[in-house]
Amino acid sequence: EIERTLAMIKPDGLSGNYTEKIKEAILESGFDIIEEAVVQLDVERASLFYAEHADRSFFNSLVKYMTSGPVCAMILESPDAISCWRNLIGPTDARKAKTSHPDSIRAMCGLDSEKNCVHGSDSPQSAAREISFFFGDDKSEALEHDE
Ligand code: CMP
């Protein structure tokens, strides 16, 4: 099924000049980039994006990281975009990615379990919410269905 997912290059990914390499990996993997926006999140917006983690011990640190510079949000479209993008970025902990998924994006540019340089929606529900968060309510569905 043709799906859309929300991909985000986090502040460390943008400031480390990995943006072009990440976009090459996206296009080589067959995703279409439907929308793209460079955005500076403030504490309120970052807290809202990560609201499901509000009770976690790392939450304040996560918000500080995510507001430390601009992020690049993208809508990616492809067959099974949600799981394909999660596979391409690798595990949350970039240190683990470097050993177990050496070809993943987090292995290339991530640092640890927090500073992992990219984000991907983990379900169709979060993809719809996260696409709306950055691009509005009418962007979460792939436009053409061959059903
Ligand atoms: P992401 O996939 O964007 O979703 C939640 C984010 O919280 C995650 O990437 C990391 O940036 C951060 N995170 C997850 N687990 C931890 C952890 N154990 N310690 C610090 N940050 C974390």
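A residue is called buried here if 20 or more other C-beta atoms lie within 10 Å of its own, exposed if 12 or fewer, and partly exposed in between, with C-beta atoms placed from the backbone. By that rule Cys 117 is buried, because it has 24 C-beta neighbours inside 10 Å. What you have above is a predicted model, in which local features need pLDDT of at least 70, side-chain atom pairs count only at pLDDT 80 or more, and totals for chains, interfaces and linings use all residues. Residues are numbered from 1 along each chain as its sequence is written.

**Overall layout**

An unreviewed UniProt entry places the feature "domain: Nucleoside diphosphate kinase-like" at residues 2-142; UniProt positions are given in the numbering used here, feature names are shortened, and annotations may be inferred rather than shown by experiment. Over residues 2-142 the chain is 45% helix and 20% strand, and the end C-alpha atoms lie 6 Å apart. Helices (H or I, at least four residues) and strands (E, at least two) are DSSP runs, numbered from the N terminus.

Strand β3 (residues 71-79) is joined to strand β1 (residues 2-9) by eight bridges, and these two run antiparallel. Strand β2 (residues 32-39) also pairs with β3 in the antiparallel sense, over seven bridges. Two strands count as paired if DSSP finds at least two bridges between them. Ala 73 in β3 is a good place to look: Met 8 has Ala 73 as its bridge partner, and Ala 37 stands opposite Ala 73.

Met 8 turns up again in the largest nonpolar core, which has 33 residues; Met 8, Trp 85 and Val 118 are among those with the most contacts inside it. Such a core is a set of buried Ala, Val, Leu, Ile, Met, Phe, Trp, Tyr and Cys residues joined through C-beta atoms within 7 Å.

**Around the ligand**

The residues around the ligand are His 53, Phe 58, Leu 62, Thr 92, Ser 113, Glu 114, Asn 116 and His 119, each with its C-beta atom, placed from the backbone, within 6 Å of the ligand. The "binding site" annotation in the unreviewed UniProt entry covers Lys 10, Phe 58, Arg 86, Thr 92, Arg 106 and Asn 116.

Thr 92 sits in the loop between α5 (81-89) and α6 (94-100). Leaving out residues up to four places away in sequence, Thr 92 touches Ser 113 and Asn 116; contact means C-beta atoms, placed from the backbone, within 7 Å. Arg 106 belongs to helix α7 (residues 105-109). Beyond four places in sequence, the contacts of Arg 106 include Pro 91, Asn 116, Cys 117 and Val 118. Val 118, in turn, touches Lys 10 and Arg 106, among others, by the same sequence cut-off.

**Burial and backbone details**

Here are the neighbour counts for some of these residues and two others.

| Residue | C-beta neighbours inside 10 Å | Class |
|---|---|---|
| Thr 92 | 14 | partly exposed |
| Arg 106 | 26 | buried |
| Asn 17 | 9 | exposed |
| Ser 83 | 14 | partly exposed |

Which residue in the loop between α7 and β4 (118-120) is worth a look? Cys 117 is found there, and has a positive phi of about 65 degrees although it is not a glycine. Asn 17 has a positive phi too, near 60 degrees, and lies in the loop between α1 (11-15) and α2 (19-28).

Finally, Ser 83 is part of helix α5. Ser 83 and Gly 120 are 37 residues apart in sequence, with 8.9 Å between their C-alpha atoms.

Key
Contact = placed C-beta atoms within 7 Å.
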